[in-house]
Amino acid sequence: VTAAVPIRSIRRELIGWLTVGLLVAIVAAAVATYLRARDEANALFDYQLAQMASSVTGMPLTARGPLGTSPGADALVVEIWNRDGVEVYLSQPQRRLPQYRQLGFNTVATESGEWRVFTTVAGDQVVQVAQPMNVRRELAASMALSTILPLIAVVPFLVVVVWFGIARGMAPLERLAAAVGRRSPSTLAPLSESGLPREVQPLVQALNGLLGQLATALDAQRAFIADAAHELRTPLTAVHLQAQLAERAGNDPERAAALAELRAGLDRATHLVGQLLTLAREEPGVIDRPLSPVDLGDIARCVIADHVAQAGAHGVDLGLAGADATAAAPVTVSGDAASLRTLLSNLVDNALRYTPAGGRVDVGVAVEGDAVALSVRDSGPGIPPAEHARVFDRFYRAPGSADLPGSGLGLAIVKRIVERHAATVALGPGLAGHVGPGLGVTVRFPAVAPAAP
Amino acid sequence: MRLLLAEDDRMIGASIGRGLKQDGFTVDWVEDGRAAELALRENVHDLLLLDLGLPRRDGLAVLTAMRQRGDPRPVLILTARDAVADRVAGLDAGADDYLVKPFVLDELAARIRALLRRHAGRAEPVVTCGRIELRPATREVRVAGTPVALSAREYALLEALLARPGAILSRAQLEEKLYGWNDEVESNAVEVHLHGLRRKLGADAIRNVRGVGWMIATA
C-alpha cells in the first residue's frame, strides 16, 4: 500500500494563489492608504490646532467653559496661562494636560493615550491647544477602510470568474486526455495538434513521438510474430507428416525408420523454437543485463570446446587462430558474457555446417588499434557479396542451403547481439578452400581497458 | 498416376513423397521452381503439387507460366500461407485446389484423386469400362462385381489404360506412368504386369495392337 499523495489540482492551486495575491495586494493598499491618510490628517489637524491657538489669544476668556460648538471642538483642549503660570483659561477642566514648556508642536503621552499639543506665546499668555491622536488615527483608518471595502467585495466575484476562465482554458487538456484515452495498441494514430494552446503543444508533440515509436515497435513485433508463426509451420508440417507416416507403418523396420525421421523433425522444430526465444530475448529492452568486462579469449576457448565434438563428426579442423593463442593476454570488451557466447556459438555453428569435410574453421581474437576483433573464418563455399546485406535478415537462408539444417535465425541473432554491444559485423572472404573463397565473419567491439585484477 | 511434387523443405518433401507412394501414386520431387519448370516440360506428370515459397522461382510464377503455355494439368497448391488473399491469389493464378500446411496425408490423396477425376471429365468416383470397375479412393478393382486383387504395378497400369478408354498407350507411355525418376525400370516389366492383368481380368480385357501398344477393350 503506497502512502496517499494528495492529488494536486491546477485549478485549485491557481485559485488559491490568486486569492492570496489579491488579499496581500488589498492589505498593502489598505496600509498605504492608511499611512497617507494619517499624514494628511496630521497636516490638517496641526493646521487646525495652530488656527485655534491664534484665535483664542484674542478672545476674552474670563469665563471657564466650553469653546463654542465648532466641529471637533469637543475633542480640543485649550489651556491658557499667564506669565506667572497662573491658569487663565481651561476649556475642559476635567481633562488637564501636563504643562508643556516647549513651544511648537509636540506629541505627548498621557494616561488617556497620545495627544498632539501646540504651544505658543501670545503677549503675556501661554496658549496650549491639544487634541488626542486617536482622532486622527480613526479618521485615517476609516479612509483606508472605505478604500479597500469595495476591493474585498470584488474578491469572490474574481474567484468565480477565474474559476470559469480556468475551466475554459483547461478544456483542451480534457479533450486531449479523452483523445489519449481513445488510443489503444491497435489505434496508435498521432494526436491532432490543431486547436491546442501553445502550452500544451510540446506535450502533444512528445506524446506523438512516443506513439510513433510505439507503433513502430508494435509493427516490428507483429511482423516478427507473423514470420515466426509462418516459419514454425514448416517444421511442424514436417513433424505432422512424419507422425502420419509412423502411424501408417506396416512393420517394425518401417516404423523405426519413420520414428527416426519424426525425431529429426522434432529436433528441427525444437531448435527453431530455441533460436526464436534467443532472438526474442536479445530484442532491445527485453532483458537489460548490464555489460561488464569480458575476456573474448575465454569466450572463444569455451565455444571452441563446446563445438569440438561437432567439428570432429563433420571432419572439420576447428581451432583458435594465432600461434601463441593460449598464452595471449586477455582481450577485454564490455559485454554480456552469455550473449557473446551465443553470438560466437552461432557463428561457429554456421561455419561448421557450411564447411565440407577436410575443411578448416578458425576462430580469431585480435586487438586492432582501439577496436577488438572477433572473427570466424571457414573454408566453405562463402556467400556471394550480393547476398551479404540479406543474410542478417530473419529467416533468410542462403540459396542451396535448404538441405542443411538451420533456422535462418543464427545471423539475425548475431546482428541483435552486435547491436546491443555497439559493435559492428562485417562479412568477407575466409580461408580459401577447394569449394570456394570461404566466409569470414568479423565482429569489431570498441576496446576497453582490462579490468583490474 | 504420376505426380510432380515441388517442395523445398527436405523433410516435408520426403514425407509427402513416401505417403503418396503408399497411396499408389508415382511421385517425382523437385526442390526449386526452375527444376519444376524443367520437369513440367517433360509432360509426363498428371498433376502438380506446388509449394508457393520455392527458391529460384516462386511457385506462383511457375503456375502462371504453366497456364500461359496452355498447360491444363491440375495444380494443387500446398503452402503455409493461409491468408484468404493468398488463397485467392493462388486459385486466380490457375490453381485447381489449395491445401494449407499442415495437412493430413489422406486428405491430400483424396483431393488429388478428386482433381484427377474432374480433369478426366468424370463426376463419379468409380471408373467403369465394360465389366471392369476401378475405385481410386480404395484402389479396389472389380470385374463383373467380383473383387480382384491387383499388385501396385498392375493397378497403376490398369488406371493408366482406363484414364483414356479407346486410346492406345505405347510401352514407353506405360513405363512413364509406372516409374518415377529414381525408380529402376525393369526390362519386360510392362509385359509381365500386363500378363498378370489379363490373367486376373480376363484375356480380352486388354487388347494388344501389334507394334503400337495396348488399349482397354471398350466393348
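**Pockets, sheets and unusual backbone angles**

Modeller: The second largest pocket holds about 670 Å³ of space. The model under discussion is predicted.

Colleague: Which residues lie closest to the centre of the second largest pocket?

Modeller: The lining has 30 residues, and those closest to the centre are Met1(B), Asp46(B), Ala163(B), Arg164(B) and Lys177(B). Three helices of chain B, namely H5 (105-119), H6 (152-163) and H7 (171-178), each contribute at least two residues to this lining. The largest share, 5 residues, is that of H6(B).

Colleague: What is the chemical character of the lining of the second largest pocket?

Modeller: The lining of the second largest pocket is made up of 14 nonpolar, 5 polar and 11 charged residues.

Colleague: Turning to chain A, in what order do the strands of the 5-stranded open sheet stand?

Modeller: The order is E2-E1-E5-E4-E3 in chain A, with antiparallel pairing. On average, neighbouring strands of this sheet are turned by 20° against each other, direction ignored.

Colleague: Why is one side of E2 and of E3 in chain A left without a neighbour in the sheet?

Modeller: Strand E2 (87-90) and strand E3 (104-110) of chain A each have a single partner strand, so both stand at the edges of the sheet with one side unaccompanied.

Colleague: How do you know that E1 and E2 of chain A are paired?

Modeller: Pairing requires at least two bridges. Strand E1 (residues 77-82) of chain A is joined to E2(A) by 3 bridges in the antiparallel sense, and therefore the requirement of at least two is met. Ile80(A), for its part, is opposite Tyr89(A) of E2(A).

Colleague: Which helices lie across E5 of chain A, and at what angles?

Modeller: Helix H1 (residues 10-57) of chain A crosses E1, E3, E4 (113-122) and E5 (125-132) of that chain, running at about 145° to E5(A). Helix H2 (residues 133-182) of chain A lies across E3, E4 and E5, and its angle to E5(A) is about 40°.

Colleague: What makes helix H7 of chain A a mostly covered helix?

Modeller: A residue is buried when its relative accessible area is under 20%. In H7(A), residues 410-420, 8 of the 11 residues are buried. Among them are Leu411(A), Ile413(A), Val414(A) and Ile417(A). The buried residues of H7(A) pack against helices H4 (252-281) and H6 (337-354) and strands E11 (424-428) and E12 (439-446) of chain A. Just after H7(A), Ala422(A) adopts a positive phi of about 55°.

Colleague: How much of chain A counts as buried?

Modeller: Of its 453 residues, 36% are buried. Chain A comprises 7 helices and 12 strands.

Colleague: What makes a positive phi or a cis peptide bond worth recording?

Modeller: Most residues other than glycine have a negative phi, and most peptide bonds are trans. In chain B, the bond between Lys101(B) and Pro102(B) is cis, with omega about -5°. Pro102(B) belongs to the loop between strand E5 (97-100) and H5 of chain B. Asn43(B), which is not a glycine, has a positive phi of about 60°, and Arg56(B) has a positive phi near 65°.

Colleague: Why are Asn43(B) and Arg56(B) called exposed?

Modeller: The cut-off for exposed is over 50% relative accessible area. Asn43(B), at 53%, therefore counts as exposed, and Arg56(B), at 56%, does as well. Asn43(B) sits in the loop between helix H2 (33-42) and strand E3 (47-51) of chain B, while Arg56(B) sits in the loop between E3 and helix H3 (59-68) of chain B.

Colleague: Which residues of strand E7 of chain B form its covered face, and which its uncovered one?

Modeller: In E7(B), residues 132-135, Ile132(B) and Leu134(B) make up the covered face, and Glu133(B) and Arg135(B) the uncovered one.

Colleague: How do you know that E7(B) pairs with both E6(B) and E8(B)?

Modeller: With at least two bridges as the criterion, the 3 antiparallel bridges between E6(B), residues 127-129, and E7(B) suffice, as do the 4 antiparallel bridges from E7(B) to E8(B), residues 140-143. Thr128(B) has Glu133(B) as its bridge partner, and Arg135(B) stands opposite Glu140(B). The hairpin of E6(B) and E7(B) has 2 residues between the strands, and there Gly130(B) has a positive phi near 65°. The hairpin of E7(B) and E8(B) has 4 residues between its strands, with a positive phi of about 50° at Arg139(B) in the turn.

Notes
Residues numbered from 1 in each chain as written. Chains lettered and ligands numbered in written order. Predicted model: local features only at pLDDT ≥ 70, side-chain atom pairs only at ≥ 80, totals over all residues. Heavy atoms only, no water. 1 Å grid on protein atoms, 1.4 Å probe; cavity = no way out; pocket = protein on both sides within 12 Å on 5 of 7 lines; lining within 4 Å. Points joined across faces, edges and corners; volume = space filled by probe spheres on them. Nonpolar A, V, L, I, M, F, W, Y, C, P; charged D, E, K, R; others polar. Axes fitted to C-alpha atoms, helices over the stretch in contact; angles between N-to-C directions. Contact = heavy atoms within 4.5 Å. Buried < 20%, exposed > 50% of the residue type's maximum accessible area, 1.4 Å probe, protein only.
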